[in-house]
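Me: I should be grateful for a close look at one part of this protein. Please take a helix pair and describe how the two helices are arranged and what lines their contact, and then add a note on the aromatic residues.

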Amino acid sequence: MTRTRTAARATLRPLDPTRIGVLLSSINVVILSLMALAQWAAWGGWHTAARLAAWASAGEALGVAGVNLAYGLLIVGATFSLRPMRWPARALYPFIAAVALVASLPRVGALHAIYSTPSGWVFLVAEWVSGFAAGFLAVGAGVLTAQFVIRARDEEIRRLHAQQRAARAVEDLQTEELRVRRMVSDQLHGTLQYQLVTVTAGLDGLAARLAAGDPTTSAELRDLTERLEEIREQEVRSLSHAVFPSGVDLGTARAVEQLLHRLPPQIATSLDVGPGYRRLAGDGNPLPLAERLVVVYAVEEGVTNALKHGRATTVHVAIDARQAGDTWVLDVDVDDDGTGVPDPQPAHHGLVRHAGRIESRGGTLDLGPGPLGGARLHLTLPFDPDKDRALGQAG
């Protein structure tokens, strides 16, 4: 969780609330200094200074502006140097008020030393109070803005953290789904088939012993034996493949190759593996197991649609991988010479479920006209070649 929050904070680093608060407070100080300068000129300070010398007006104007600017920046520095944005309001704003109240005293003293400013007690008290109020408002507004930025950033971090937890939960569910699929497939392919083979052998032996005495019973037993063998060979194997496609442990290309080999011999099939995928496959299975299943099931659905709806006699599958920035993308084309798709932009029908799985992983699934005269199913799927290796699950 700490690593997640750290990564999220690193992503949001450009929104530094302290810098934003200092910047806004400094802008407020500059504006208030200019307003104080304008007020000084309006009260006759400019003309009073001009009676001393021609240059005195400009010099004392700079003095008034400089005193107010230094006063404001002093409050800004004293406040933000302690980074009090996460302090409770009952401590934060009295602190700013105290800093402004104390810093306003030397400000009044500095203004009193300037010849053109009034020197009466009423003026000094008024300047002390107004300076305190101006400094408090200028810095308080900056601190309040910084607090809003912090709250927005914290809320964004919580949102990102929730998204990451949801993504991890989905990934855990998918991992559990793969585990259950593999377990069920192993049970079907191993234990259930073994039990069926054992029963078949027992019935076969019983039929042999009955052959001499009761030929009719023996024939019925042999029919049952053949039926059990048919169930084991076709139904159990088919169900096992549906749960966990054969060859998927060996890689995407091998699983698709075995899928094509199971088609009837009158269907011409071909598989083209591109150089990008071959280069990655040299280091093992480049596609993580979960992504492999997504691709194999989508290709299987595309081939089924080509034969069932398009009455195709030729199926060609092309697989390649390319690098896109920091990630890799798998490209798969399933082309056929069937009747094609009647609508230029057809709905995916049975492919909707597969499209949802692919799009949830950042990929795409498109169905349209193909170069063989039939349809083309094109899918892209981003993947991390090191994901399974990092998890110690290289298949």
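Reply: The account below takes the helix pair first and the aromatic residues afterwards. The structure is a predicted model.

The two helices are H8, which spans residues 252–261, and H10, which spans residues 289–308; their axes come within 10 Å and cross at roughly 25 degrees. Because angles under 35 degrees count as roughly parallel, H8 is roughly parallel to H10. The crossing of H8 with H10 is right-handed.

On the H8 side, the contact is made by Thr252, Ala255, Val256, Leu259 and Leu260. On the H10 side, these residues meet Arg292, Val295, Val296, Val299, Glu300 and Val303. By character, the residues of this contact comprise eight nonpolar, one polar and two charged.

Turning to the aromatic residues, the structure contains two aromatic pairs. One of them is formed by Trp87 and Phe95: the ring centres are 5.3 Å apart and the planes stand at 65 degrees, so the pair is edge-to-face. Trp87 has a relative accessibility of 31% and therefore counts as partly exposed. Phe95, at 22% relative accessibility, also counts as partly exposed.

Trp87 is also in contact with Gln147, a residue of helix H6, which covers residues 121–210. Beyond its neighbours within four places in sequence, Gln147 is in contact with Met85, Leu92 and Tyr93 as well as Trp87. Gln147 counts as buried because its relative accessibility is 10%, and the limit for that class is under 20%.

Key:
Residues numbered from 1 in each chain as written. Predicted model: local features only at pLDDT ≥ 70, side-chain atom pairs only at ≥ 80, totals over all residues. Heavy atoms only, no water. Axes fitted to C-alpha atoms, helices over the stretch in contact; angles between N-to-C directions. Helix = DSSP H or I, 4+ residues; strand = E, 2+ residues; numbered from the N terminus. Parallel < 35°, antiparallel > 145°, perpendicular 65-115°, else oblique. Left-handed = near helix turned anticlockwise from the far one by under 90°. Contact = heavy atoms within 4.5 Å. Nonpolar A, V, L, I, M, F, W, Y, C, P; charged D, E, K, R; others polar. Phe/Tyr/Trp six-rings, centres within 6.5 Å; stacked < 30°, edge-to-face > 60°. Buried < 20%, exposed > 50% of the residue type's maximum accessible area, 1.4 Å probe, protein only.
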